[in-house]
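Visitor: Could you take me through the salt bridges in this one? I'd like a close look at who pairs with whom, and at how buried or exposed the partners are.

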Amino acid sequence: MNGQKERLMVLDMIAEGKISAEEAEQLFKAMEVPEAEPALDSPEFVPPLSHLSHPGSLSTPPSISARPSYGDLIAALKEAGIDQVTLSDMQELQAHKLTAEYVREIRALGLEPDGLGEWINLRIHDITPRYVRDLREMGITDLEVDELTELRDHSVSAKYISSLREMGVKDLDVDELIELSDHDVSAKYIAELRQAGFKNLDVDELIELSDHDVSLKYVVELREQGLKDLDVDEIVELSSHDVSPKYIVELKKLGFKDFDVDDLVQLGSHGVSTKFIAELNSLGLKDLDIDDLVELENHGVSPEFIGEMQRLGFKDLDVDELVELANHDVSPQFIAELRAMGFNDFDTEDFIELRNHDITANFIKSMRELGLKDLDVDDFVEFRKHNITPRFVRELREIGFKDLEVEELVELADRHVTPRFIREMREQYGESLSLSQLLE
């Protein structure tokens with residue numbers, strides 16, 4: 001039998017009512033080895049057995065103040081309804097500095113932790129009797145262990161609750177207190193909001209304003225710009241979409257004066273900067289409304305794009321035309337390349353039609369190099385629709401069909417008369433087969 005087993009025997013004797021807590025304390029003290037004093041959990045510690053044979057006749061050994069009162073703690077836990085305590089439990093309780101005094105103070109406050117796990121949880125989260133008493137004074141009563149630890153973990157102190165109450169924020173439950181603390185809603189912040197005129201805010205509104213960095217300064221500066229009767233939702237919308245008082249000032253300088261919250265939110269949410277507006281103005285687009293600006297920004301119509309289009313001669317394009325060109329990937333480079341090939345009479349609709357059918361400048365250039373020079377937009381579109389590629393035309397030319405019209409190329413493609421098919425037919429029927437014979 002080793003020291004650990006002897007301690008277990010003592011614990012069992014207490015649990016079975018064979019000895020009192022005071023007698024157990026005497027046993028634990030008698031089991032000490034003064035000259036070595038190894039730790040309780042040391043595997044080398046084997047206390048003497050002589051004192052365990054007659055526990056009723058123990059005499060009290062000299063006091064050892066450095067050792068905890070095991071018996072007193074076991075007795076306090078038994079009073080708390082915990083009848084079985086193992087040596088392993090005792091070691092864990094000691095590690096978390098759970099004392100008989102702590103157990104009795106907590107219970108005196110009306111808190112009844114359920115099992116050793118909850119007692120240990122209280123100590124892990126540094127729930128002191130004073131912390132519980134301070135909360136009680138604030139009216140926070142009937143708390144479970146989990147609620148206490150939650151409050152402590154989220155830095156909810158009695159002082160914090162008191163400061164909220166001084167601002168009239170009362171009757172909060174545990175979840176509301178935690179939410180306010182987590183979102184940095186302080187009494188000072190509430191005071192600033194009240195100074196701004198927001199006096200009857202609920203928990204959700206306080207959190208919303210704090211999360212979106214709505215400060216007294218922000219509200220005051222918005223009011224200076226004429227936005228005086230904003231509610232919580234409107235202020236949050238403006239802040240969340242980065243609509244600053246400075247932004248409003250710059251809009252006014254650009255001529256925008258009759259706008260409301262929705263207009264500002266729309267501009268902010270779509271990233272329409274005052275620089276963007278100023279550059280459009282310099283290009284002659286001065287009478288654009290909010291919807292026009294948002295439309296241009298959403299479709300990636302940049303001032304650079306508009307400027308290049310103007311240099312290509314498209315100086316009077318409206319918003320819808322600019323958006324159409326951008327949506328169909330009609331770039332200034334595409335237009336310049338076609339102009340270099342002699343297509344000077346194409347308008348914006350022609351360019352959109354070409355790009356809508358994925359007709360590139362290289363495709364057009366390749367067809368022209370194969371002798372197809374007098375083609376218009378409809379011809380190129382026909383080629384794409386019938387999958388007539390430069391390779392198809394080139395191979396036909398290589399086997400003798402050099403001057404085919406657009407309609408003939410389309411008919412060959414539609415009837416699957418490929419260059420390979422033509423070669424196979426010539427092998428069978430001779431080289432003199434005509435186009436009409438092949439199509440039959």
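Guide: Let's fix the term before anything else: a salt bridge here is a side-chain nitrogen of Lys or Arg within 4 Å of a carboxyl oxygen of Asp or Glu. Keep in mind that this is a predicted model. With that rule, the count comes to 12 salt bridges.

Start with Arg 107 and Glu 112, which form one of these pairs, their closest N and O atoms being 3.3 Å apart. How exposed are the two ends? Arg 107 has a relative accessibility of 26%, so it counts as partly exposed. Glu 112 is partly exposed as well, with a relative accessible area of 44%. The band in question runs from 20% to 50%, with buried below it and exposed above it.

Next, look at Glu 79, whose salt bridge goes to Arg 104, again with 3.3 Å between the closest N and O atoms. This pair ties together distant parts of the chain: Glu 79 sits in helix H3 (residues 70–79) and Arg 104 in helix H5 (residues 100–108), 25 residues apart. Glu 79, at 44% relative accessibility, is partly exposed. Arg 104 comes out at 31%, so this partner also counts as partly exposed.

Now for a pair with a buried end. Asp 358 and Arg 355 meet through their side chains in a salt bridge, at 3.9 Å from N to O. Which of the two is buried? That would be Arg 355: its relative accessible area is 17%, and buried means under 20%. Asp 358, on the other hand, has a relative accessible area of 47% and is therefore partly exposed. Going back to Glu 79 and Arg 104, there is a bit more to their story: together with Asp 72 they form one network, joined by salt bridges that share partners.

For contrast, here's a contact with no charges in it. Helix H25 (residues 390–398) packs against helix H26 (residues 406–414) at an angle of about 100 degrees, the axes lying 12 Å apart. That angle falls between 65 and 115 degrees, so H25 and H26 are roughly perpendicular to each other. On the H25 side you'll find Phe 392, Val 393 and Leu 396, and they meet Leu 409, Leu 412 and Ala 413 of H26. Sorted by class, the contact of H25 with H26 has 6 nonpolar residues, no polar ones and no charged ones.

Note on methods:
Residues numbered from 1 in each chain as written. Predicted model: local features only at pLDDT ≥ 70, side-chain atom pairs only at ≥ 80, totals over all residues. Heavy atoms only, no water. Axes fitted to C-alpha atoms, helices over the stretch in contact; angles between N-to-C directions. Helix = DSSP H or I, 4+ residues; strand = E, 2+ residues; numbered from the N terminus. Parallel < 35°, antiparallel > 145°, perpendicular 65-115°, else oblique. Contact = heavy atoms within 4.5 Å. Nonpolar A, V, L, I, M, F, W, Y, C, P; charged D, E, K, R; others polar. Buried < 20%, exposed > 50% of the residue type's maximum accessible area, 1.4 Å probe, protein only.
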